[in-house]
Amino acid sequence: MQAIEIEELGLFVELKNSTINIEGTKHFSLEFQSEILAGIWFQTLLDLVETLPEFTI
C-alpha cells in the first residue's frame, strides 16, 4: 500500500492493490483491471503533485 496526503486540498490518496482510494469531503475508489495500471496512475499523480511547489506532501 502507498499513500499520499495533499494537505492544501484536504485529500488523502491511497493505492491498495488494483484500487486507488481518494478521500476528502467525499470518498470514492477507482478500480483498475490490474495492479500495474493502478500503480502507473498513482505514480503519475505523485509525480504531478511533486512538481507543484504550493502542495505539501
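The following exercises, with worked solutions, concern three residues of a predicted model.

**Exercise 1.** Determine where Glu14 is placed and which side chain of opposite charge is nearest to Glu14.

*Solution.*
Step 1. Glu14 belongs to strand E2, which covers residues 11-16.
Step 2. The nearest side chain of opposite charge is that of Lys16, at 5.7 Å.
Step 3. A salt bridge requires the side-chain nitrogen and the carboxyl oxygen to be within 4 Å. Glu14 has no salt bridge, although Glu14 is buried.
Step 4. Setting aside residues up to four places away in sequence, Glu14 touches Met1, Gln2, Ala3, Thr19, Ile20, Asn21 and Phe42.

**Exercise 2.** Establish whether Asn21 is buried or exposed, and identify the polar contact of its side chain.

*Solution.*
Step 1. Asn21 is part of strand E3, residues 19-23.
Step 2. The relative accessible area of Asn21 is 12%. Buried means under 20%, so Asn21 is buried.
Step 3. The side chain of Asn21 forms a polar contact with the side chain of Ser29, at 2.6 Å.
Step 4. Beyond its neighbours within four places in sequence, Asn21 is in contact with Phe12, Val13, Glu14, His27, Phe28 and Ser29.

**Exercise 3.** Establish whether Ile36 is buried or exposed, and state which residues make the nonpolar surface patch with Ile36.

*Solution.*
Step 1. Ile36 is located in helix H1, residues 35-50.
Step 2. Its relative accessible area is 63%. Exposed means over 50%; therefore Ile36 is exposed.
Step 3. Together with Leu37, Ile40 and Trp41, Ile36 makes a nonpolar surface patch of about 450 Å².

Methods
Residues are numbered from 1 along each chain as its sequence is written. This is a predicted model: local features need pLDDT of at least 70, side-chain atom pairs count only at pLDDT 80 or more; totals for chains, interfaces and linings use all residues. Side-chain values use heavy atoms; hydrogens and water are left out. Helices (H or I, at least four residues) and strands (E, at least two) are DSSP runs, numbered from the N terminus. Buried means under 20% relative accessible area, exposed over 50%, partly exposed in between (1.4 Å probe, protein chains only). Lys and Arg count as positive and Asp and Glu as negative; His and the chain ends are not counted. Contact means heavy atoms within 4.5 Å. A polar contact is a pair of N or O atoms within 3.5 Å; within protein, one must be able to donate a hydrogen and the other to accept it, and residues adjacent in sequence count only if both atoms are side-chain atoms. Patches are made of residues with over 30% relative accessible area and no salt bridge: like charges are joined within 9 Å, nonpolar side chains (Val, Leu, Ile, Met, Phe, Trp, Tyr) within 5 Å. Accessible areas come from the Shrake-Rupley method with a 1.4 Å probe; for residues, only the protein chains shown count as cover.
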